[in-house]
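Hi,

Here is the structure I promised to send over. Have a look at it first, and then read on for my notes on what turned up.

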Amino acid sequence: DFNERCAQCSEVNWGLTDGGRFYCRSCHNVTERTREVVNTDFITNSRIQTISKSLRKQEKNDGGCEWYICEGFQLVLKKQAEALEALGVCPQMKDEILCNFWRCYLQKSKQAYCKRPAGETVKALSVCESSTDVDSDPERPSLLHLLSLSESEGDLQTDCSFASSVTKVSESTSVYSGSVDGSLYLMKNQKEKLRMTMPMTLSFCYMALLWLREPITLSELLRFVVEGHIPYLNVFQHFPEKMNLCGLDLRIFCVESWPVYEEVFNKMHELAAFLDLPRFPDITDSCFLHPDMLCMKYLMEANLPDELHNWTCRVVKKIGIGEVDFLTLMPGNKSTRKVKYDVLAAAVIVVVLKLLFLLDDHYEWLLSEFAEERNKNNTEGGPYFEFKKWYEVVKQSLDVEQKKLDEERAKYLWRCEKPLFYSVKNKPKVLKRRQMVVNLQNQFGKLSGSVRRAEKPNPSSFQLNWSEENTDGSCFHGHSLKGVLQEKCGLLTAMNPDYWLCTVKLCNEKLCGHLAHYREVEFPQSYHFVLGLFAFLLRIQPSYIHDEVCMIEHKLFNKKLYKKLKYNTVLRK
């Protein structure tokens with residue numbers, strides 16, 4: 001009953017495909033037209049208006065399977081958890097902590113473990129009432145089955161009401177994606193729910209690490225990601241072959257930028273509040289995330305004297321930032337400050353260096369000349385610490401490492417090995433073109449004799465290593481602070497009686513996002529160098545460390561600042 005001529009050969013010789021579309025028997029051209037059938041003999045209380053090639057059947061013919069965006073993120077979390085476990089993280093992180101967090105998120109966002117999602121899905125069902133849905137596929141992997149291998153399938157298959165309803169929405173949309181709900185996922189209102197993104201996968205991992213009090217800070221986590229030890233960039237290459245990733249899915253899973261500290265940190269706190277998590281386990285003085293512990297680590301990595309640790313501990317105790325209530329995360333409590341453990345420890349060291357050496361581009365060099373003279377005549381005990389010599393040694397090493405990092409980032413190939421395509425029609429062309437590129441690269445590589453890429457080095461918590469066994473005097477761990485200290489009333493105090501504040505008045509962090517504004521030209525070069533050193537170690541902007549320095553200074557000199565501000569107010573009156 002279809003009498004139109006074929007657009008390719010002008011013949012009228014039509015047949016029907018398995019999906020109900022017309023194809024020409026002469027030239028095998030397949031049209032977009034489908035056959036309309038009204039038949040109620042084989043199904044009771046139902047009426048099929050059109051027989052169309054459904055998404056699930058289409059994917060089966062292409063060798064793929066039906067999958068959903070949440071399952072894609074589930075695979076990403078699984079790969080990241082396995083990588084962290086290989087780095088030495090507690091095995092219970094994956095199957096207990098992270099899995100429970102993910103389940104809770106799916107339930108709170110109404111993607112699983114709920115009767116039926118409200119709002120947009122119900123509205124979409126009313127629009128697509130005329131569409132028909134195929135029977136559920138027993139081969140489709142159940143939700144969270146890939147994340148926790150110990151789960152039973154029976155408990156998880158009851159949570160697919162959202163998935164079955166989204167199928168109807170996806171069938172009615174004209175925008176192509178390999179997943180069922182890719183187009184609907186991008187149309188969601190971000191204000192209604194905390195929509196899952198690739199940076200949020202790292203927020204999930206950091207939240208689980210913080211719950212277990214693992215010895216990995218956020219800056220280390222992001223550094224491991226950049227170094228390739230934790231899957232994040234091009235992680236979709238590890239997706240099973242049956243999960244066709246194309247079209248709008250690339251906007252969700254394809255990452256072309258490095259993860260940002262602030263974004264991952266803020267999303268972690270939003271997640272903890274969104275999930276209504278209880279108070280996290282206490283951060284005590286025996287935990288790695290305690291400022292005293294982290295200060296010891298960063299003093300060693302910055303090649304500073306071990307005696308400085310006594311001063312960092314005194315500052316931490318003086319202003320109360322080592323208290324359990326201050327360090328422990330309490331989700332949803334707006335009165336408590338969000339603690340960046342690694343940034344806080346680095347800021348404490350900067351404040352101690354300002355207390356002892358002032359860092360005003362003048363006093364620290366005078367102390368260095370004094371220590372140099374004492375070292376010439378010193379025959380007993382360890383050498384006096386020379387700030388100038390330390391600056392020269394560390395700067396040389398820092399410049400080398402910074403140049404190496406810049407070159408690695410410049411040479412990084414953002415294009416993944418697995419070819420990407422935005423349409424099924426372009427898939428053969430893309431695969432063929434990709435194969436040609438690989439062949440040409442191999443041929444030119446053999447002709448030019450190019451050296452293969454070196455294997456990734458093993459991950460390490462330290463980026464700068466200083467050995468006390470070196471005879472060149474490049475390690476300052478055992479150097480003495482006697483040249484900058486004096487004994488008064490039985491206590492060692494700094495010879496320097498002065499101190500300069502980074503800012504007299506703090507900004508409103510909620511309004512501008514910073515406690516203080518940092519401009520390099522407004523501060524001494526010594527202070528800027530120390531900030532830059534710790535900013536390199538933490539892979540963050542120096543302004544974030546400067547914020548914490550200002551906060552610590554205002555806690556440390558709170559009484560003097562209050563008297564000064566009160567005196568200035570009286571003078572104005």
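This is a predicted model, and the pLDDT averages 78 over the chain, with 74% of the residues scoring at least 70. Two stretches deserve some caution. Over residues 38–61 the pLDDT stays under 50, and the model has 34 contacts for this stretch beyond four places in sequence. Residues 566–573 also have a pLDDT below 50, but there the model shows zero contacts beyond near neighbours in sequence.

Now the overall picture. The chain has 573 residues, and 45% of them count as buried. Its secondary structure comes to 22 helices and five strands. Among the contacts with a separation of 6 or more, 72% are between residues 24 or more positions apart.

**The cores**

The largest nonpolar core has 141 residues, and Phe204, Phe253, Phe534 and Ile545 have the most contacts inside it. Which helix gives this core its largest share? That is helix H15 (residues 341–357), with 15 residues. The core also draws at least three residues from each of two domains: domain 2 (66–111 + 178–183 + 193–277) and domain 3 (295–404 + 481–558).

If you would like one place to start looking, try Phe204. Leaving aside residues up to four places away in sequence, Phe204 touches Leu77, Leu98, Phe101, Trp102, Tyr105, Met196 and Leu271. There is also a second, separate core of five residues, including Phe2, Cys6, Phe22 and Cys24.

**The strands**

Two of those residues bring us to strand S2 (residues 21–24), where Phe22 and Cys24 form the covered face, while Arg21 and Tyr23 form the uncovered one. S2 has a partner in strand S1 (residues 14–16), which runs antiparallel to S2 and is joined to it by three bridges. In that pairing, Leu16 stands opposite Phe22. S2 is also joined to strand S3 (residues 30–34), again antiparallel, by two bridges. Here Arg21 stands opposite Thr34.

Much further along the chain is another antiparallel pair, strand S4 (residues 485–488) with strand S5 (residues 491–494), over four bridges. Gln486 has Thr493 in S5 as its bridge partner. The hairpin of S4 and S5 has two residues between the strands, and Cys489 takes a positive phi near 60 degrees there.

**Two helices worth a look**

Helix H8 (residues 198–212) has 15 residues and reaches 22 Å from its first C-alpha to its last, close to the 21 Å expected at 1.5 Å a residue. H8 is mostly covered, with 14 of its 15 residues buried. Just after H8 comes Arg213, whose phi is positive, near 55 degrees.

Helix H21 (residues 542–556) makes a good companion check. Its 15 residues should span 21 Å at 1.5 Å a residue, and because its end C-alpha atoms are 21 Å apart, the model agrees with that expectation. H21 is mostly covered too: 13 of its 15 residues are buried.

**Some loop residues**

Two asparagines caught my eye. Asn234 lies in the loop between helix H9 (218–226) and helix H10 (249–253). Asn234 is not a glycine, although its phi is positive, about 60 degrees. Is Asn234 buried or exposed? Its relative accessible area is 6%, under the 20% cut-off, so Asn234 counts as buried.

The other is Asn303, in the loop between helix H12 (291–301) and helix H13 (308–319). Asn303 has a positive phi of about 65 degrees, although it is not a glycine either. With a relative accessible area of 0%, Asn303 is buried.

Gly381 makes a useful contrast. This residue lies in the loop between helix H16 (363–377) and helix H17 (387–411). Because its relative accessibility is 74%, and the cut-off is over 50%, Gly381 counts as exposed. Its C-alpha atom is separated by 9.3 Å from that of His479, and the two residues are 98 apart along the chain.

Happy to talk any of this through once you have had a look.

Best wishes

How values were computed:
Residues numbered from 1 in each chain as written. Predicted model: local features only at pLDDT ≥ 70, side-chain atom pairs only at ≥ 80, totals over all residues. Heavy atoms only, no water. Core = buried A, V, L, I, M, F, W, Y, C linked by side-chain atoms within 4.5 Å. Buried < 20%, exposed > 50% of the residue type's maximum accessible area, 1.4 Å probe, protein only. Domains from an automatic or database assignment. Contact = heavy atoms within 4.5 Å. Expected span 1.5 Å × (residues − 1). pLDDT = per-residue confidence, 0-100. Pairing = 2+ DSSP bridges.
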